[in-house]
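Colleague: I have not seen this one before. Can you walk me through it?

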Amino acid sequence: MRRSRDDDHTVRQRVLVIDDDGALCATIREALDEEFAVASAPHGAAALDLVKDHEPALILLDLRMPIMDGWSFVQQYRRGAAAPARVVVMSGAPDLANIARQLGADGHLKKPFDLEELRAIVATELARRPSVRNESGRADRSSSAPLT
Amino acid sequence: MAGPLIEFVCIAAAHRPRHQGEHPSTVTVHNGRWAYCDSPADDGHDWVTSGGVPLDRLRRQPARDQIESRSA
């Protein structure tokens, strides 16, 4: 059986962090970078542009952001994405679990969180993501090109 | 679960809430540690170390008051 080029390398799943807090994005990127291809966007509108070409497997989403907030992003993203990523909302809101439910998010991560907590929810949600069949019919959970 | 403690709080006068319980506030990262400000402002923060305070407590009492009561 012929192996594709992707099979010869460890395929890193794509994680997209959408948060206007640059310091937090950098911290998350540092925490996940070894295992995942991590990209970030400062608001929902920038993220919608990004996901057109680079489909993430998981989105870590802040709620309150300038230009386009987390609520608007989710609505528009769910409408457009062919194979929607798992969405985990991140916020310090006291009623985050309810907000996440209303939003139809797959999970929630309350700020402040431990990096272990972050890694755990990322692993859990990615494991729950249904396999997506690519054009060759091969079951795949992600694509390997880095997000830039 | 209480979660990690907030290591920095913002005491900038301009970021003080006009009345207690006013939201939204900001939970962010400063110098690689969790930080809290009573205001949603992106900049103009005046961070001081808190010694480690649970977020819930900061929410009940403005950040500056926490620091002042600690040093009293």
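Modeller: What follows is a short tour of a predicted model, taken one topic at a time.

Colleague: What scores does the predictor give the complex?

Modeller: The complex gets an ipTM of 0.77 and a pTM of 0.81. Chain B has an average pLDDT of 82, and 74% of its residues score at least 70. Where pLDDT is low, the predicted coordinates should not be read in detail.

Colleague: Fine. How many helices and strands are in chain A?

Modeller: Chain A has five helices and seven strands. Along the sequence they come in the pattern β-α-β-α-β-α-β-α-β-α-β-β.

Colleague: And how much of chain A is buried?

Modeller: Of the 148 residues in chain A, 36% are buried. As for contacts in chain A between residues at least 6 apart in sequence, 57% of them join residues at least 24 apart.

Colleague: Let's take one strand of chain A. Is β4 largely enclosed or not enclosed?

Modeller: Strand β4 of chain A, residues 86–91, has six of its six residues buried, so it is largely enclosed by the rest of the structure.

Colleague: Which way do those residues point?

Modeller: A:R86, A:V88 and A:M90 point one way from β4(A), while A:V87, A:V89 and A:S91 point the other way; all are buried. In a regular strand the side chains alternate between the two faces of the sheet.

Colleague: In what sense do β3(A) and β4(A) pair?

Modeller: The two strands β3(A) and β4(A) are parallel, and five bridges hold the pairing. One position to look at is A:L58, which stands opposite A:R86 in β4(A).

Colleague: Now the helices. Which residues of α2 in chain A are buried?

Modeller: In helix α2 of chain A, residues 44–53, the buried residues are A:G44, A:A47 and A:V51. They cover an arc of only 55° around the axis, which puts them on the same side of α2(A).

Colleague: Why would residues spaced like that point the same way?

Modeller: An α-helix has 3.6 residues a turn, so residues three or four places apart point the same way.

Colleague: What is on the other side of α2(A)?

Modeller: A:D49, A:K52 and A:D53 are there, and they are exposed. The buried residues of α2(A) are covered by elements of chain A including β1 (14–18), β2 (37–41) and α3 (70–80).

Colleague: Same thing for α1 of chain A: which residues are buried?

Modeller: Helix α1 of chain A, residues 22–32, has A:L24, A:C25, A:I28 and A:L32 as its buried residues. Their arc around the axis is only 100°, which puts them on the same side of α1(A). The cover over them includes β1, β2, β3 and α5 of chain A, together with β2 of chain B.

Colleague: So chain B turns up there. How many residues of chain B are in contact with chain A?

Modeller: 12 residues of chain B are in contact with 11 residues of chain A. On the chain B side, the largest share, four residues, comes from strand β2 of chain B, residues 26–30. By class, that side of chain B has eight nonpolar, four polar and no charged residues.

Colleague: What is the strand order in the sheet of chain B?

Modeller: Chain B has an open sheet of four strands in the order β2-β3-β1-β4, with mixed pairing. Its edge strands are β2 and β4 (47–53) of chain B, each of which pairs on one side only. From one strand to the next, the twist averages 35°.

Colleague: How many bridges join β1 of chain B to β4(B)?

Modeller: Strand β1 of chain B, residues 6–10, is joined to β4(B) by four bridges, and the two run antiparallel. B:F8 stands opposite B:T49 in β4(B).

Colleague: Last topic, the backbone. What is usual for phi and for peptide bonds?

Modeller: Most residues other than glycine have a negative phi, and most peptide bonds are trans.

Colleague: Which peptide bond is cis?

Modeller: The bond from A:K111 to A:P112 is cis, with omega near 0°. A:P112 is in the loop between β5 (107–110) and α5 (115–128) of chain A.

Colleague: What about A:I67, which is not a glycine: what is its phi?

Modeller: A:I67 has a positive phi of about 70°. This residue is in the loop between β3 (58–62) and α3 of chain A. A:I67 is exposed, with 11 other C-beta atoms within 10 Å.

Colleague: And where is B:N31?

Modeller: B:N31 lies in the loop between β2 and β3 (33–37) of chain B. B:N31 is not a glycine, yet its phi is positive, about 50°. With 10 other C-beta atoms within 10 Å, B:N31 is exposed.

Conventions: Residues are numbered from 1 along each chain as its sequence is written. Chains are lettered from A and ligands numbered from 1 in the order in which they are written. This is a predicted model: local features need pLDDT of at least 70, side-chain atom pairs count only at pLDDT 80 or more; totals for chains, interfaces and linings use all residues. A residue is buried if 20 or more other C-beta atoms lie within 10 Å of its own, exposed if 12 or fewer, and partly exposed in between; C-beta atoms are placed from the backbone. The arc is that of the directions from the helix axis to the C-beta atoms. Two residues are in contact if their C-beta atoms, placed from the backbone, lie within 7 Å. Ala, Val, Leu, Ile, Met, Phe, Trp, Tyr, Cys and Pro count as nonpolar, Asp, Glu, Lys and Arg as charged, and the others, Gly among them, as polar. pLDDT is the predictor's confidence in each residue, from 0 to 100. Two strands pair if DSSP finds at least two bridges between them. Axes are lines fitted to C-alpha atoms, for helices over the stretch in contact, and angles run from 0 to 180 degrees between N-to-C directions.
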